[in-house]
Amino acid sequence: MQLPKIPPTPAVLQILNWVFRPMAYMEECTQRYGDVFALKLDKSIPPLVFVSNPQDLQIILTQDTKELEAPGDLNGLLEGLLGKRSVVTISGVEHQRQRQLMMPPLHGERMRAYSQIINNTTTKVISQYPQGQPFNIRHVSQEITLRVIMQAVFGLDEGVRAEKLQQLLGEILENTSSVWRIALLYLPALQRDFGPIKIWGRQLELQEQADRLMYDEIQERRENPDSSRTDILSLLMDARDEAGQPMTDIELRDELMTLLVAGHETTATAIAWAMYWIHKLPQVKEKLIQELDSLGDNPDPSTIYKLPYLSAVCAETLRIYPVGMLTFARRVKTPITLGGYELPPGTPVIGAIYLTHQREDLYPQPKQFKPERFLERQFSPYEYLPFGGGARRCIGLAFAQWEMKLAIAKILTMRELELVNNREVKPQRRGLVTGPDHPIQMVIKNQRQIKSRSLETSTVG
Ligand code: HEM
């Protein structure tokens with residue numbers, strides 16, 4: 001039986017390449033070994049097989065509850081942050097049940113309710129930034145997405161507990177975003193403090209404080225039930241399993257943390273990337289502004305959501321540097337053939353979203369930002385998959401797309417911005433996401449107003 005090729009370098013070098021230059025390393029491995037290759041990243045499991053060809057992706061994402069499984073134990077690296085009872089770290093029937101509980105508040109009609117929250121929050125946040133003073137656009141998008149997810153999850157983004165939780169979460173994620181911390185995750189021997197250098201202990205301290213706040217909120221709600229609340233925490237607290245049992249406090253805490261983490265940093269980074277491309281490429285900005293202005297004052301959020309060019313810009317943003325460069329890992333249950341290799345049971349397999357999105361045969365000149373690709377042709381769910389697929393497809397897909405489109409539309413219709421410099425920004429690992437390698441500095445030039453479908457610009461007072 002022939003197994004996928006693995007680089008001949010020692011495991012520790014593979015880990016270091018993987019941690020510090022994951023995209024370049026994956027591209028080098030594809031060039032050397034073809035569409036399917038493996039890396040030795042974790043002593044406790046067999047080499048991880050990377051797959052990027054749409055035919056192979058279709059197999060793993062349609063068979064991941066049949067010939068393969070989508071087990072939570074392969075996401076063990078996230079256990080420290082999300083907990084053992086998170087939808088990300090649990091498996092099998094329990095995982096499917098938990099997904100079903102969490103999905104309704106993130107879909108359908110609920111999106112209309114969140115539209116207002118997104119619009120109001122974006123207006124509030126962008127209004128804090130004065131004209132002429134440079135700022136990092138990711139700080140803006142992070143504040144928007146953190147406030148929005150806090151309201152969706154808890155029904156509040158103000159008050160002492162909410163403010164404290166937002167601040168703690170910001171710090172926890174900022175710490176998580178350093179590549180050094182990712183290195184610590186892969187190299188457990190380093191998971192401790194070194195004398196006065198309290199990298200690991202500080203993170204635990206912050207998490208404990210955040211946990212306490214979440215448990216206090218849960219406790220308070222148990223004591224004062226309010227059936228009129230529609231936030232995600234209330235819905236999860238009301239949910240019962242087949243045996244009529246509610247979720248435990250630990251389960252609730254882990255799902256809250258999962259939603260706050262998964263629902264915030266990802267979309268914030270995607271909005272920041274979109275703002276970069278829109279302002280880097282004048283023709284993209286011009287077309288987009290024209291499309292948005294054609295809607296006049298106060299357009300309906302679903303009209304904004306359906307705008308073709310805005311949708312294409314968001315799609316291309318998530319193609320070129322997908323915020324999640326990988327799917328979660330799946331594991332082979334019965335022998336399967338991928339890329340000509342027969343993989344035995346137990347083999348972990350991962351979808352390399354970044355590599356698929358960089359395929360020249362699907363996306364000619366893949367390193368160029370061209371929203372028109374998405375107007376000219378449709379891509380299959382295995383050719384374009386920023387949200388993964390199958391049993392672990394992102395449950396925040398609809399939420400993220402609404403938030404991206406509405407926040408971008410709101411910022412662009414309120415303010416005229418520009419990049420502070422023309423320096424090229426490259427992708428790099430930023431904790432759990434693929435973010436910019438240096439801050440994207442922007443500045444507000446003017447305030448914008450659309451009056452009766454004609455555009456006016458005036459100086460911010
Ligand atoms: C642009 C924004 C986002 C991107 C690019 C993204 C991407 C992804 C990807 C690639 C996966 C793995 C899918 C797979 O293995 O097949 C995933 C899973 C997940 N995402 Fe997202 N995501 C985004 C926003 C969100 C939001 C807003 C939420 C929640 C409000 C969320 C919650 C989750 C959860 C809970 C999972 C795990 C699902 C499971 O294990 O069953 N994501 N996401």
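Student: In which helix is the place of glutamate 316?
Tutor: In this predicted model, the helix concerned covers residues 308–320. Glutamate 316 has its place in that helix, α16.

Student: Is glutamate 316 buried or exposed?
Tutor: The relative accessible area of glutamate 316 is 0%. The limit for a buried residue is under 20%. Glutamate 316 therefore counts as buried.

Student: With which side chain does the side chain of glutamate 316 make a polar contact?
Tutor: Leaving out residues up to four places away in sequence, glutamate 316 touches Gln368, Phe369, Lys370, Pro371, Arg373 and Phe374. The polar contact between side chains, at 3.0 Å, is with arginine 373.

Student: Which residue is the only protein donor of the iron atom of the ligand?
Tutor: The donor atom is an SG, at 2.3 Å from the iron. The residue lies in the loop between α18 (373–376) and α19 (397–414). The only protein donor is Cys394.

Student: Which elements give two or more residues to the shell around the ligand?
Tutor: The ligand is surrounded by 29 residues, of which the closest are His95, Arg99, Arg330, Arg392 and Cys394. Polar side-chain atoms of histidine 95 and arginine 392 lie 2.7 Å and 2.6 Å, respectively, from an oxygen atom of the ligand, while a backbone N or O atom of glycine 389 lies 3.0 Å from a ligand oxygen. The elements that contribute two or more residues are α5 (92–102), α12, α13 (265–280) and α19.

Student: How many residues of α12 are buried?
Tutor: Helix α12 runs over residues 249–262 and reaches 20 Å from its first C-alpha to its last, close to the 20 Å expected. Its buried residues include Glu251, Arg253, Asp254 and Glu255, as well as Leu252 and Met257. The helix is mostly covered, and of its 14 residues the number buried is 11.

Student: Which element gives the largest share of the largest nonpolar core?
Tutor: The largest nonpolar core has 122 residues, and Met26, Phe50, Phe154, Met275 and Ile408 touch the most other members. The largest share of this core amounts to 13 residues, and the element that gives it is α19.

Student: How many residues are in the other core, which lies apart from the largest one?
Tutor: Among the members of this other core are Val49, Leu68, Leu338 and Leu343. In soluble globular proteins, nonpolar side chains tend to be buried together. The number of residues in this separate core is 17.

Student: Where does isoleucine 45 lie, and how does its relative accessibility class it?
Tutor: Isoleucine 45 is in the loop between β1 (36–39) and β2 (48–51). Apart from neighbours within four places in sequence, isoleucine 45 is in contact with Lys40, Leu74 and Pro348. Because its relative accessibility is 24%, isoleucine 45 counts as partly exposed.

Student: How far apart in space are isoleucine 45 and glycine 346?
Tutor: In sequence, isoleucine 45 and glycine 346 are 301 residues apart. From C-alpha to C-alpha, their separation in space is 8.5 Å.

Student: Which residue has a side-chain oxygen that reaches to the backbone nitrogen of arginine 138 at the start of α7?
Tutor: Helix α7 (residues 137–154) reaches 26 Å from its first C-alpha to its last, and 15 of its 18 residues are buried. Just after α7, glycine 155 takes a positive phi of about 80 degrees. At the start of α7, the side-chain oxygen within 3.0 Å of the backbone nitrogen of arginine 138 belongs to asparagine 136.

How values were computed: Residues are numbered from 1 along each chain as its sequence is written. This is a predicted model: local features need pLDDT of at least 70, side-chain atom pairs count only at pLDDT 80 or more; totals for chains, interfaces and linings use all residues. Side-chain values use heavy atoms; hydrogens and water are left out. Donors are N, O and S atoms within 2.8 Å of the metal (3.2 Å for Na, K and Ca); water is not among the atoms, so sites may look incomplete. Helices (H or I, at least four residues) and strands (E, at least two) are DSSP runs, numbered from the N terminus. A nonpolar core is a set of buried Ala, Val, Leu, Ile, Met, Phe, Trp, Tyr and Cys residues joined through side-chain atoms within 4.5 Å. Buried means under 20% relative accessible area, exposed over 50%, partly exposed in between (1.4 Å probe, protein chains only). The expected span of a helix is 1.5 Å times one less than its number of residues. A residue is near a molecule or strand if one of its heavy atoms lies within 4 Å of it. A polar contact is a pair of N or O atoms within 3.5 Å; within protein, one must be able to donate a hydrogen and the other to accept it, and residues adjacent in sequence count only if both atoms are side-chain atoms. Contact means heavy atoms within 4.5 Å.
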